[in-house]
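Biologist: I would like a close look at one part of this model, namely the nonpolar core and the strands around it. Please place that part in the chain before going into detail, and add whatever backbone oddities belong nearby in the discussion.

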Amino acid sequence: MTKKKTGRFARVGLLVFAMALAFAATASAAGETEPNNSLATASPTSFGEYNWGTVSGSDVNDYWVMTNVSYGTRTLNGNSGTAMEVRDASGNLLAYKPAGTYSVSFFGGGTLYVVASFYSSTATSYSFSVN
Ligand SMILES: [Ca+2]
């Protein structure tokens, strides 16, 4: 009896573990991974990839980074609820998308950082891609 219960718990544990793995895989593909509050800890993403996250009063910045982007005129597309910036490999500002606008174009390439910032009074979910 005790042995059977242990086996059941082990199976449930495995299932929860598998679900956690699946969620983690999904999150690393496009959702943010905290901590991501600086250039050094930016969540990796790719040119053209759709990403999402949430900023709030207790998590005011999300940093994202993409590398090997070919140089040209690029566009940061995002939802309107969150201010966003694009910065180069040195952290210099390339573009600023204020809350209330959906996109901003800029010239850039190589390593690009996208920064989502909290400017509201409530937590704000955002999404974006650089194309
Ligand atoms: Ca963050």
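Modeller: The answer goes from the whole chain to the core, then to the strand pairs, and then to the loops and the backbone.

The model is predicted. Its mean pLDDT is 83, and 77% of the residues score at least 70. Residues 19-29 fall below 50, and in the model this stretch has 3 contacts beyond near neighbours in sequence.

The protein chain holds 1 helix and 7 strands, in the order α-β-β-β-β-β-β-β. Of its 131 residues, 25% are buried. Among contacts with a separation of 6 or more, 59% link residues 24 or more positions apart.

The largest nonpolar core has 19 residues, of which L76, M84, Y113 and V114 touch the most other members. At least two residues of this core come from each of β3 (61-78), β4 (83-87), β6 (103-117) and β7 (124-130). The most is given by β6, with 5 residues.

L76 is a useful point from which to read the surroundings of the core. Apart from neighbours within four places in sequence, L76 is in contact with M84, V86, A95, K97, S103, V104, V114, F128 and V130. That list includes M84 and V114, which are also named among the residues touching the most other core members.

F128 offers a second point of view. This residue sits in strand β7 and is buried, because 24 other C-beta atoms lie within 10 Å, where 20 or more is the cut-off for burial. Setting aside neighbours within four places in sequence, the contacts of F128 are N51, L76, N77, G78, M84 and V114. L76, M84 and V114 therefore appear in the contacts of F128, and a residue with 24 neighbours is counted as buried. Between F128 and W52 the sequence separation is 76 residues, while the C-alpha atoms are 6.5 Å apart.

The contact between F128 and N51 leads to the pairing of strands. β2 and β7 are antiparallel partners over 5 bridges, and N51 is the residue opposite F128 in β7. The side chains of β2 alternate along the strand. N51, G53 and V55 point to one face and are buried, while W52 and T54 point to the other and are not.

A second antiparallel pair is formed by β4 and β5 (residues 93-97), with 4 bridges. Here E85 stands opposite Y96 in β5. The hairpin of these two strands has 5 residues between them, and G91 takes a positive phi near 90° there.

On the approach to β2, T45 lies in the loop between β1 (43-44) and β2 (51-55). Although placed in a loop, T45 counts as buried because there are 23 C-beta neighbours inside 10 Å. Its contacts, not counting residues up to four places away in sequence, are N51, W64 and M66. T45 thus shares the partner N51 with F128, and the count of 23 neighbours makes T45 buried. The C-alpha atoms of T45 and G31 are 9.2 Å apart, at a distance of 14 residues in sequence.

N37 belongs to the loop between α1 (2-30) and β1. With 15 other C-beta atoms within 10 Å, N37 is partly exposed. Beyond neighbours within four places in sequence, N37 is in contact with N61 and Y63. N37 and W64 are 27 residues apart along the chain, and their C-alpha atoms are separated by 9.2 Å.

Two backbone features remain. Most residues other than glycine have a negative phi, and most peptide bonds are trans. The peptide bond from E34 to P35 is cis, with omega near 0°, and P35 is in the loop between α1 and β1. N68 is not a glycine, yet has a positive phi of about 60°. This residue, N68, is placed in strand β3 and is exposed, since 10 other C-beta atoms lie within 10 Å.

Note on methods:
Residues are numbered from 1 along each chain as its sequence is written. This is a predicted model: local features need pLDDT of at least 70, side-chain atom pairs count only at pLDDT 80 or more; totals for chains, interfaces and linings use all residues. A residue is buried if 20 or more other C-beta atoms lie within 10 Å of its own, exposed if 12 or fewer, and partly exposed in between; C-beta atoms are placed from the backbone. Two residues are in contact if their C-beta atoms, placed from the backbone, lie within 7 Å. A nonpolar core is a set of buried Ala, Val, Leu, Ile, Met, Phe, Trp, Tyr and Cys residues joined through C-beta atoms within 7 Å. pLDDT is the predictor's confidence in each residue, from 0 to 100. Two strands pair if DSSP finds at least two bridges between them.
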